[in-house]
Amino acid sequence: MTTELPTKLSEIVEDFQALDEPDRLQLLLEFSQGLPELPQHLQEHPELLEQVVECQTPLFLSVDIDDSPEQIVRLYFSAPPEAPTTRGFAGVLLEGLDGLSSADILAVPDDVPDRLGLTRAITPLRMRGMTAMLGRIKRTVRAGQTS
Amino acid sequence: MSVAADPHEKFAHYAHPERLVSADWLAQNLDNPSVVVVESDEDVLLYSTGHIPGAVKVDWHTDLNDEVTRDYVDGAAFARLMSAKGITRDSTVVIYGDKSNWWAAYALWVFSLFGHEDVRLLDGGRDKWLAEGRPTTTEVPAPQTADYPVVERNDAPIRAYLSDVLGHLGKPLIDVRSVDEYTGARTHMPAYPEEGALRGGHIPTAASVPWARAAAEDGTFRSRAELDAIYRDEVGLKDDADVVAYCRIGERSSHTWFVLFHLLGFTKVRNYDGSWTEWGNAVRVPIVKGEERGGVPAS
């Protein structure tokens with residue numbers, strides 16, 4: 001049984017699945033290159049970011065939940081250029097999840113990283129880094145909901 | 001060796017100066033047809049973001065490891081890889097990579113299992129090349145397929161298996177992991193979770209010498225005198241020492257293997273690539289926790 005993904009994330013997974021392995025890596029690289037800079041308020045206040053220590057390279061994350069009834073989630077990531085794989089995973093999660101409601105994000109299945117078809121090319125350790133990123137986002141959203 | 005060694009003053013003090021090249025030397029030899037430059041990184045995408053002009057990529061995970069068994073590729077697969085990268089048995093291979101050449105040293109060690117004779121490291125690796133503002137490109141070279149013979153690995157001289165290490169206890173053994181991994185405070189590298197082990201600690205008798213002590217701030221290898229001070233004076237390795245080094249999966253200990261074998265000239269140095277992810281999960285092998293090295297267990 002496959003849990004349904006949010007539309008945007010589902011399209012990204014399909015894009016990856018449609019490619020062969022070298023092109024999947026190329027696509028991940030494009031996500032890495034497309035990861036936007038942090039907005040001004042976070043650049044000036046890095047203490048608002050939390051580090052995802054499960055990633056092999058420094059990844060910083062901020063999860064903002066707004067006051068609307070849907071509790072819309074905005075995501076911000078920061079990772080250095082010498083960590084393109086980490087940046088790529090961050091880019092996928094940003095494009096796939098940013099702007100969704102808290103409920104939609106909590107419903108995202110934890111095995112999404114494995115559905116990108118990268119498990120042969122990328123070491124299990126790194127794949128777990130992406131799973132950890134998703135887990136951290138969900139934990140933060142869950143905490144934000146109950147508070 | 002067909003291509004003359006880098007006469008750099010620093011390298012002259014090492015036991016095998018011809019195993020290192022400087023960025024200046026490499027810049028002058030980029031067009032040398034006998035030289036093939038190989039980038040080998042931890043991050044599978046890093047090469048694609050820009051690399052030394054003409055460099056080909058060898059990935060430790062997809063190219064050098066067997067897909068099924070926890071082992072390296074066999075002679076036929078290695079020959080196919082070399083041919084595709086335009087490397088002949090006589091090529092001078094210069095390897096460089098990220099993280100102070102961890103993965104580059106690992107690749108060099110695997111090349112050595114196949115007896116590729118002339119394989120060198122770029123001192124300082126990828127980071128130093130970039131820090132000096134030297135040229136990079138995203139253009140991937142399409143080397144002409146080379147003729148590389150099928151040579152089977154010869155593991156015994158430089159690779160130790162678990163059973164070898166059990167029989168080695170009492171002889172010099174170096175644990176190159178972080179101190180917290182050595183004592184068993186943690187079972188994985190800081191920030192590298194889960195690729196851990198069921199048990200924490202170290203192999204009895206192992207001396208703790210984190211690999212990074214052999215690297216300077218800029219990722220280059222420390223000088224001969226500094227390395228002698230660590231491994232000969234502090235650890236007490238004698239000239240005829242029979243040494244085994246290990247870490248978590250064998251990549252950091254390849255860096256130390258390179259230092260001991262090529263830079264300091266110890267002739268009997270083996271890398272235990274099974275390392276803690278094997279030992280710390282194996283049933284009934286002896287383990288010591290804490291800072292004490294521990295003695296040879298009574299058998």
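This is a short talk about two sheets in chain B, a few loop residues and helices, and a helix pair in chain A.

Hi everyone, and thanks for coming. Please keep in mind that what we have here is a predicted model. Let me begin with confidence in chain A. The mean pLDDT of chain A is 89, and 94% of its residues reach at least 70. Within chain A, helix H1, residues 7–17, has the highest confidence at 96, while strand E1, residues 50–51, has the lowest, with a mean of 77. As a general reminder, predicted coordinates should not be read in detail where pLDDT is low.

Staying with H1 of chain A, let's see what it packs against. Its partner is helix H4 of chain A, residues 84–97, with the two axes 7 Å apart and an angle of about 135 degrees between them. How should we describe H1(A) and H4(A) relative to each other? They count as oblique, because roughly antiparallel would take an angle over 145 degrees. The crossing of H1(A) past H4(A) is right-handed. If you'd like to find the contact on screen, look for A:Lys8, A:Leu9, A:Ile12 and A:Phe16 on the H1(A) side, which meet A:Val92, A:Glu95, A:Gly96 and A:Leu97 on the H4(A) side.

Now over to chain B, and its five-stranded sheet. This sheet is open, its pairing is parallel, and its strand order is E1-E5-E4-E2-E3. At the edges are E1, residues 20–21, and E3, residues 56–57, each pairing on one side only. Helix H4 of chain B, residues 102–113, packs on this sheet and touches E4, residues 92–96, and E5, residues 119–122; the direction of H4(B) makes about 175 degrees with that of E5(B). Back at the E3 edge, strand E2, residues 35–39, runs parallel to E3(B) and is joined to it by two bridges. One pair to look for is B:Glu39, whose bridge partner in E3(B) is B:Lys57.

The loop leading from E4 to H4 of chain B deserves a stop. B:Lys99 lies in that loop, and so does B:Asn101. Neither is a glycine, yet phi is positive in both: near 50 degrees for B:Lys99 and near 70 degrees for B:Asn101. Which of them is buried, and which is partly exposed? B:Asn101 is buried, at a relative accessible area of 0%, whereas B:Lys99 is partly exposed, at 24%.

On to the other sheet in chain B. Here four strands form an open, parallel sheet in the order E7-E6-E8-E9. Strands E7, residues 207–208, and E9, residues 268–272, are at the edges with a single partner strand each, so one side of each has no neighbour in the sheet. Three bridges hold the parallel pairing of E6, residues 173–175, with E8, residues 242–246. Within that pairing, B:Ile174 stands opposite B:Ala245. Helix H9 of chain B, residues 252–263, packs on this sheet, in touch with E6, E8 and E9, and its direction makes about 175 degrees with that of E9(B).

My last stop is helix H8 of chain B, residues 224–234. Its buried residues are B:Arg224, B:Leu227, B:Asp228, B:Ile230 and B:Tyr231. What covers them includes E6 and H9 of chain B, two elements we have just visited. Just after H8(B) comes B:Gly236, with a positive phi of about 85 degrees.

That's my tour, and I'm happy to go back to any of these spots with you.

Notes:
Residues are numbered from 1 along each chain as its sequence is written. Chains are lettered from A and ligands numbered from 1 in the order in which they are written. This is a predicted model: local features need pLDDT of at least 70, side-chain atom pairs count only at pLDDT 80 or more; totals for chains, interfaces and linings use all residues. Side-chain values use heavy atoms; hydrogens and water are left out. Two strands pair if DSSP finds at least two bridges between them. Contact means heavy atoms within 4.5 Å. Axes are lines fitted to C-alpha atoms, for helices over the stretch in contact, and angles run from 0 to 180 degrees between N-to-C directions. Buried means under 20% relative accessible area, exposed over 50%, partly exposed in between (1.4 Å probe, protein chains only). pLDDT is the predictor's confidence in each residue, from 0 to 100. Angles under 35 degrees count as roughly parallel, over 145 as roughly antiparallel, 65 to 115 as roughly perpendicular and the rest as oblique. A crossing is left-handed if the near helix is turned anticlockwise from the far one by less than a right angle, and right-handed if clockwise.
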